[in-house]
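Q: Please take a close look at one chain of this assembly, at how its sheets are built and how it meets its partners. A connected account in formal terms would be welcome.

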Amino acid sequence: MLGKLIKHEIRATGRIIPMFYIAIVTTFLTGLIGNLIDNSYLHGLATFLMIISIFAINIVTLVVVVTRYYKNLFGNEGYLTGTLPVDKSLILATKIIVGFGWIILSYIATAFCTFGLLFINNEITLELFQQSLFELVKTLFNEQYVRSTIFYFLATIIIQTMLFIAKIYCAITIAHTKPFIKHSVGFSILWYFIIGIIIDSIDAILIFIPFGINVETGHIVTETMLSGSGVLGLANLVSNVIVSIVLFLITNSLLYSKTSLK
Amino acid sequence: MNDFKAHIPIYLQLINAIKQFIVSGRWPPGTRVPPVRELATQFGVNPNTMQRALLELERDGLIFTERTAGRFVTKDNDRIANVRQELCQKVIENAIAELKNLGFTEQEANLLLKTHHSGS
Amino acid sequence: MSTIVEINSLYKSYGSFMVLNNLSLKFETNKIIGLLGPNGCGKTTLMKILCGLITDYYGDVRIDGQAPGPYTKSIVSYLPEKTYLSDWMRVSDAFDIFSDFYSDFDRAKACELLQRFHLNEHMKLKAMSKGMQEKVHLILAMSRSAKLYVLDEPLSGVDPASRSVILETIISNYNKDSTVLISTHLIYDVEQYFDDIVMMGFGQLIMAGNVDQIRQDTGKSIDEIFREVFRC
C-alpha cells in the first residue's frame, strides 16, 4: 500500500517541479553554447537565469510540498485521502518521504546551479573540477577531519530537512483541530513559529551540553562546541532527531482523530 | 417524475398497473415478465418493492414462476377474465361515485353510463 | 437479511452544538435507505462518521461488525457532496487511483457508465462542467462492489432529466447484497425508490421504517409526513 501511495503522491506533486529541472539543464547548456560560440548575450542570459533558478527551485519545491499537505489532507481532496482503505500512519509517512525527497532534490539542483554558474563563468574548469574531486576523495581516505566534517555536514542537512518537514506538517495539522480550524492558514503559520521558537530555545540550551565530535580524531567526546578545540556539537543533532520524531508522533495522533476537513 | 399516488403503498399501485397490462392484452398470456431490476427501473421504483408486487401477483395466480426460465403471465384465460371483471367493477363504481359528487342520484348516474355515446 | 450497520448511542458535538444526540440505528443488507432531514440535522455528519472521516465521537458505530477503520473503508463507497478529485486529473487518473486502492473497483463497468453519460476517460476534470464532474464522482462510487454505499445528496443541483438517469444508475448498479444510503431533500420525486427511510431532526431520530408500511399505516406519503414534522 505504501508503494502505491508514494507512486500517486509523486504523480501528483511531480507535475511542475521537473519542469524547473529541465529549465535549469537547458539554461546550463545555453551557457555552455554561449561560451563556445563566444556569444555574450547567451552567456549573460544563462548566468542570470541560473541565479534566478536557485531561488525559483527552492521556492517552488517548498510551495508544492506545503500546499500538497494542506490541500490533500484537509481540503476537498481530503474526502478521497481520508476514505482510502489505508492506515493513516501510512498516509503521513508517504507525505514525509515524498516531501523529504523533493526538498533534497532541490538542494542538489541548487548545487548544480551553483556549479553551473561557476563553470559558465570560468571560475572553474573541468580540469580544476576533476582535480578538486580527486583531492577530495584522497583526503576523504586520509584525513579524519574531512571525514568528520563531511559526515557532520550531511547529517545536519538531512536532520534539519526532516525537522523542517516535521515542524510544517505538525503546524498545519494542529491548525486543523477544533480550536483553530476556522482560521487554519493563519494558525498554520503561527504554530510553525511557535514550534520553531520552542525548538530554537531548546537548541540554545543544548549548546552547553558536553556531547560532541572531535573533528581531528573523529571520536565522540564529552566537550562542547565552545571548548575551542575543534569540536562540533552533536547534542543539537540528536535533540533535533528526537524532536522530529516527537512532532511526527503528535501529528500522527492528531490526524483524523482530532482534525476535520474544511 | 412521480406518477404514484402519495398515500397508497407503492406496491399496491404497482400490482394495479401490472394487472392492467395483463387484462388489456399488453402482456398477453404466456409472455415472459421482465426481470425485477429491469421492471423496477422502467417504473422508477425500488426493486424490492417491485419484487413484493410480483410476489402478490403470483399469489393471485396471474403470474407464475418456472424454476429456471423466469416469470411468465398466466395462460389461464378465465383467471384473466375474472380480474378484468374486478377491475371493471371498480372503474364503474368510481365513475358513479364521481357523478354523485356532481349531484346526480344513483339512478341518474346509472342511466348516464348506459346511454353514453362518445362524441355526443 | 443481516445487519450491515449498527449504531448505538451516538453523540457528536461541534463545540457546544450537539449535532448527533443519542442516535441509535440499524441498517440491513439489500436495502435502499433514504436519510431525510432538514439542513443541519446531522445527516452529513452521520455519513462522515460511517465513512471514517470523523473519528471524534462518543458511542458505538459498527460497519459489518467493525469500528470505522481501514477495513470498513474498503467496504464502504462514499459519494460526498463536494467534488474531491484534483483539477489537473483526467478521468483515467481517477480510475487509476481507484483501481490501485480498491480491490472491488470494476474499471470496465466504470468505462461503460462513462459512455452512457457521453464522457470519456481522457477528459480533464478542469475542462468539465460541474454536472459532468459530479457524474464522474457518481460513476467512481457506483463502480465499486461495496457492502455499503453512502451517497450524500447525489441529486441536489441536478436537472430533472439527469436525476432519473442518476437514480437508474444507482438502482441498476448497486451490488445485490449491499445497502445504499442516500441523503436527499427531494423526497417527493424519490421516495418510491426507497425501501426504508430514516428521518432525522435536531440530531435525533424522528422516524424510521419501511416506506410502504408507513404509507399504509399513516395514509400519507413520506413527503407529506416530512412537511408536517418540519413545518416552521
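The answer below treats chain C, first its sheets and then its interfaces.

A: The model is a predicted one. Chain C carries an open sheet of three strands in the order S2-S1-S4, and the pairing in this sheet is antiparallel. Strand S2 (17–28) and strand S4 (58–63) of chain C occupy the edges with a single partner strand each, so one side of each has no neighbour in the sheet. From one strand to the next the twist averages 15°. Within this sheet, strand S1 (residues 3–14) of chain C runs antiparallel to S2(C), and nine bridges join the two. One of the facing pairs consists of Tyr14(C) and, in S2(C), Phe17(C). Helix H1 (residues 43–50) of chain C lies across S1, S2 and S4 of chain C, and its direction is at about 120° to S1(C).

Chain C also contains an open sheet of six strands, ordered S5-S6-S7-S3-S8-S9, in which the pairing is mixed. Here the edges are formed by strand S5 (76–79) and strand S9 (204–210) of chain C; each has a single partner strand, so one side of each is left without a neighbour in the sheet. The twist in the six-stranded sheet averages 15° from one strand to the next. At the S9 edge, strand S8 (residues 196–201) of chain C pairs with S9(C) in the antiparallel sense over six bridges. Gly201(C) has Gln204(C) in S9(C) as its bridge partner. H1(C) packs on this sheet as well, where it touches strand S3 (31–36), S5, strand S6 (148–152), strand S7 (179–183) and S8 of chain C. The direction of H1(C) makes about 150° with that of S7(C). H1(C) is thus in contact with strands of the three-stranded sheet and with strands of the six-stranded sheet. Helix H5 (residues 130–142) of chain C, for its part, lies across S5 and S6 of chain C and runs at about 170° to S5(C).

The interfaces of chain C come next. Two pairs of chains touch, and the most contacts are between chains A and C. Chain A and chain B have no contact with each other, their closest C-alpha atoms being 28 Å apart.

At the interface with chain A, 26 residues of chain C are in contact with 25 residues of chain A. The two chains bury about 2500 Å² between them, and carbon and sulfur atoms account for 59% of this area. On the side of chain C, the residues that lose the most area to chain A are Leu53(C), Trp88(C) and Phe101(C), which together give 28% of what that side buries. Four salt bridges are counted between chain C and chain A. One of them links Asp100(C) to Lys7(A), with 2.8 Å between the closest N and O atoms. Ten residue pairs are in polar contact across this interface, both residues being at pLDDT 80 or more. Helix H2 (70–75) and helix H3 (91–101) of chain C each supply at least two residues of the side that touches chain A. H3(C) gives the most to that side, with six residues. By class, the side of chain C that touches chain A comprises twelve nonpolar, seven polar and seven charged residues.

The interface with chain B takes 24 residues from chain C and 20 residues from chain B. About 1900 Å² is buried between chain B and chain C, with 44% of it given by carbon and sulfur atoms. Zero salt bridges are found across this interface, whereas the count of residue pairs in polar contact is twelve, both residues at pLDDT 80 or more. On the side of chain B that touches chain C, helix H1 (10–23), helix H2 (36–43) and helix H3 (47–59) of chain B each supply at least two residues. The largest share of that side, four residues, comes from H3(B). The residues of chain B on that side divide into nine nonpolar, eight polar and three charged.

In summary, chain C holds an open three-stranded sheet with antiparallel pairing and an open six-stranded sheet with mixed pairing. Four salt bridges are counted between chain C and chain A, and zero between chain B and chain C.

Notes
Residues are numbered from 1 along each chain as its sequence is written. Chains are lettered from A and ligands numbered from 1 in the order in which they are written. This is a predicted model: local features need pLDDT of at least 70, side-chain atom pairs count only at pLDDT 80 or more; totals for chains, interfaces and linings use all residues. Side-chain values use heavy atoms; hydrogens and water are left out. Two strands pair if DSSP finds at least two bridges between them. Axes are lines fitted to C-alpha atoms, for helices over the stretch in contact, and angles run from 0 to 180 degrees between N-to-C directions. Contact means heavy atoms within 4.5 Å. Buried area is the accessible area (1.4 Å probe) that two parts lose on being put together, summed over both. A salt bridge is a side-chain nitrogen of Lys or Arg within 4 Å of a carboxyl oxygen of Asp or Glu. A polar contact is a pair of N or O atoms within 3.5 Å; within protein, one must be able to donate a hydrogen and the other to accept it, and residues adjacent in sequence count only if both atoms are side-chain atoms. Ala, Val, Leu, Ile, Met, Phe, Trp, Tyr, Cys and Pro count as nonpolar, Asp, Glu, Lys and Arg as charged, and the others, Gly among them, as polar.
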